[in-house]
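Student: Could we take a close look at one part of this molecule? I would like to see how the pieces fit around it, step by step.

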Amino acid sequence: MKLVDNKAILSFSNGAPSVELPIYAGSIGPDVIDIRKLYAQTGMFTYDPGFLSTASCQSAITYIDGDKGELLYRGYPIEQLATSCDYLDVCYLLLKGELPNERQRNDFHKLVINHTMVNEQMQFFLRGFRRDAHPMAVLTGLVGGMSAFYHDSTDINNPEHREIAAIRLIAKMPTLVAMAYKYKIGQPYMYPQNHLSYAGNFLRMMFGTPCEEYKVNPVLERALDRIFILHADHEQNASTSTVRLCGSSGTNPFAAIAAGVACLWGPSHGGANEACLNMLEEIQASGGVAKVGEFMEKVKDKSSGVKLMGFGHRVYKNYDPRAKLMQETCNEVLTELGLENDPLFALAKKLEQIALEDDYFVQRKLYPNVDFYSGIVQRAIGIPVNLFTGIFALARTVGWIAQLNEMISDPEYKIGRPRQLFTGSPRRDVPPLDKR
Ligand code: CMC
């Protein structure tokens, strides 16, 4: 970051001396006012619940221009990456800063593919869960549990450990997600096959059985790979910030990523894809397209507590570019599977059309986000609804680990320790029991 000539002057109406605050510029995007010395200079904190105006770190990984509807990974537009690269190329890019050349690409693909197997003990650990446990509960446990299996990559301050942990996490997440699914449905786990692509391998571990050969459908393989690319990173969102905060204490990478998985689960974040599909199914069950108008009235009525899931975003105030790509993939997958007339897809398109023309949504700049169509694609592929967020976690793991490693390598990194505006009782004495 670069110090700019411009300075912010903070003055007070009560006559207290004003304070000069430095301003830094990044390469693109808003400048930041450096308030690190504010408390020492004024005895005051800043107040910004939800981080509406706070840059919590500097980062060179992902850039979002919410007004333009632009998403860049290391400077490359998501549209180009989604059409010209595969997920592992994108992983390389996010982790290392540049796209791999041919040799680097082959080496990296080989490295990841050769780490897909998990310690055999993992399946006994998995067995401790109820079969009806939510996959995100299982995944939080399994990912956290990795720190008990891979002791040679748990020192977050050791760059080599961080690198091995990154490869292990990216490689093993599909295996763990597929194991969680197989456990739930009572089928045998499928060991990974190293000759398959990352996405192809996952499809086979999910839907193959030891009884017959599994043939990977290239259209579904490409669709899944695209879902992975679109979810790979998204700058300082809730789960990424959770990973950074958790990792800032010096905990091991597996524990920090498990914290990210737990945060992602919520319906305002990664859980929105599951919530969105449940919403579409409910509208469909209550009468389908004919009931869309009625449902939208409920969404606009604040007292109903109903939200249009898969709509709205803290940063995108134009259009989520991932939603466009996902809609394209949705068309491809449904055509491939002969589901062009899928009623949920028709319903989703109708909802989108109404919302884009409705004042409530237009005024609030609410557009479809990535989750609006990703559920329909996943459901068509055969992924059960409650595993959608697990797929998101699998894909986001690379972003979390890239952000975590960036933080640890940053000389300015400190343990995260937000402050507060205290509104509780000042000091008081404990009354005796008969006086309470
Ligand atoms: N349906 C109806 N109204 C909405 C919606 C929605 N989906 N999203 C926002 N609003 C309204 C909100 O009620 C508020 O209205 P008002 O100004 O009258 O009070 C206004 O729009 C601004 O919303 P906000 O809650 O202040 O916006 P936020 O930036 O804090 O929240 C959000 C962003 C994503 C949490 C929210 O839009 C939301 O809950 N969307 C549905 C869940 C969802 O799809 N989440 C996935 C996000 S993308 C994937 C990911 O990052 O995980």
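Tutor: Let's start with Arg105, which is partly exposed, with a relative accessible area of 30%. That label fits because partly exposed covers the range between buried, under 20%, and exposed, over 50%. Keep in mind throughout that this is a predicted model.

Who are the salt-bridge partners of Arg105? One is Asp86: the closest N and O atoms of this pair are 3.0 Å apart. Arg105 sits in helix α4 (residues 102-113), while Asp86 belongs to the loop between α2 (78-84) and α3 (87-96), so the salt bridge ties together parts that are 19 residues apart in sequence. Asp86 itself is buried, because its relative accessible area is 18%, and the cut-off for buried is under 20%.

Asp89 forms a salt bridge with Arg105 too, and here the closest N and O atoms are 2.8 Å apart. This time the link runs from helix to helix: Asp89 is in α3 and Arg105 in α4, so parts that are 16 residues apart in sequence are tied together. Asp89 also counts as buried, at 7% relative accessibility. Put together, Arg105 is partly exposed, whereas Asp86 and Asp89 are buried.

How many salt bridges does the structure hold? There are 19, and another one worth finding pairs Arg244 with Glu406, with the closest N and O atoms 2.7 Å apart. This pair links distant parts of the chain: Arg244 is in helix α10 (residues 238-247) and Glu406 in helix α18 (residues 388-409), which puts them 162 residues apart. Arg244 is buried, at 7% relative accessibility. Elsewhere, Asp34, Arg36 and Glu412 are joined into one network by salt bridges that share partners.

Now compare this with how strands are linked. Strands of a sheet pair through backbone hydrogen bonds, either parallel or antiparallel. In this model, β1, β2 and β3 make an open sheet in the order β1-β2-β3, with antiparallel pairing. Each of its edge strands, β1 (2-10) and β3 (32-33), pairs on one side only. Between β1 and β2 (residues 19-25) there are six bridges, and the bridge partner of Leu10 is Val19 in β2.

Strands β4 (residues 62-65) and β5 (residues 70-73) are another antiparallel pair, with four bridges. Ile64 stands opposite Leu71 in β5. In a regular strand the side chains alternate between the two faces of the sheet. You can follow that in β4: Thr62 and Ile64 point one way, Tyr63 and Asp65 the other, and all of them are buried. The hairpin of β4 and β5 has four residues between the strands, and Gly69 takes a positive phi near 70 degrees there.

Finally, turn to the ligand. Around it are 21 residues, of which His269, Lys302, Lys307, Leu308 and Arg314 come nearest. By class, this shell has nine nonpolar, seven polar and five charged residues. A polar side-chain atom of His269 is 2.6 Å from a ligand oxygen atom, and one from Arg314 is 2.7 Å from an oxygen atom of the ligand. Tyr360 has a side-chain N or O atom 2.9 Å from a ligand nitrogen atom. Taken alone, the ligand exposes 930 Å², and the protein buries 74% of that.

Conventions: Residues are numbered from 1 along each chain as its sequence is written. This is a predicted model: local features need pLDDT of at least 70, side-chain atom pairs count only at pLDDT 80 or more; totals for chains, interfaces and linings use all residues. Side-chain values use heavy atoms; hydrogens and water are left out. A salt bridge is a side-chain nitrogen of Lys or Arg within 4 Å of a carboxyl oxygen of Asp or Glu. Helices (H or I, at least four residues) and strands (E, at least two) are DSSP runs, numbered from the N terminus. Buried means under 20% relative accessible area, exposed over 50%, partly exposed in between (1.4 Å probe, protein chains only). Two strands pair if DSSP finds at least two bridges between them. A residue is near a molecule or strand if one of its heavy atoms lies within 4 Å of it. A polar contact is a pair of N or O atoms within 3.5 Å; within protein, one must be able to donate a hydrogen and the other to accept it, and residues adjacent in sequence count only if both atoms are side-chain atoms. Accessible areas come from the Shrake-Rupley method with a 1.4 Å probe; for residues, only the protein chains shown count as cover. Ala, Val, Leu, Ile, Met, Phe, Trp, Tyr, Cys and Pro count as nonpolar, Asp, Glu, Lys and Arg as charged, and the others, Gly among them, as polar.
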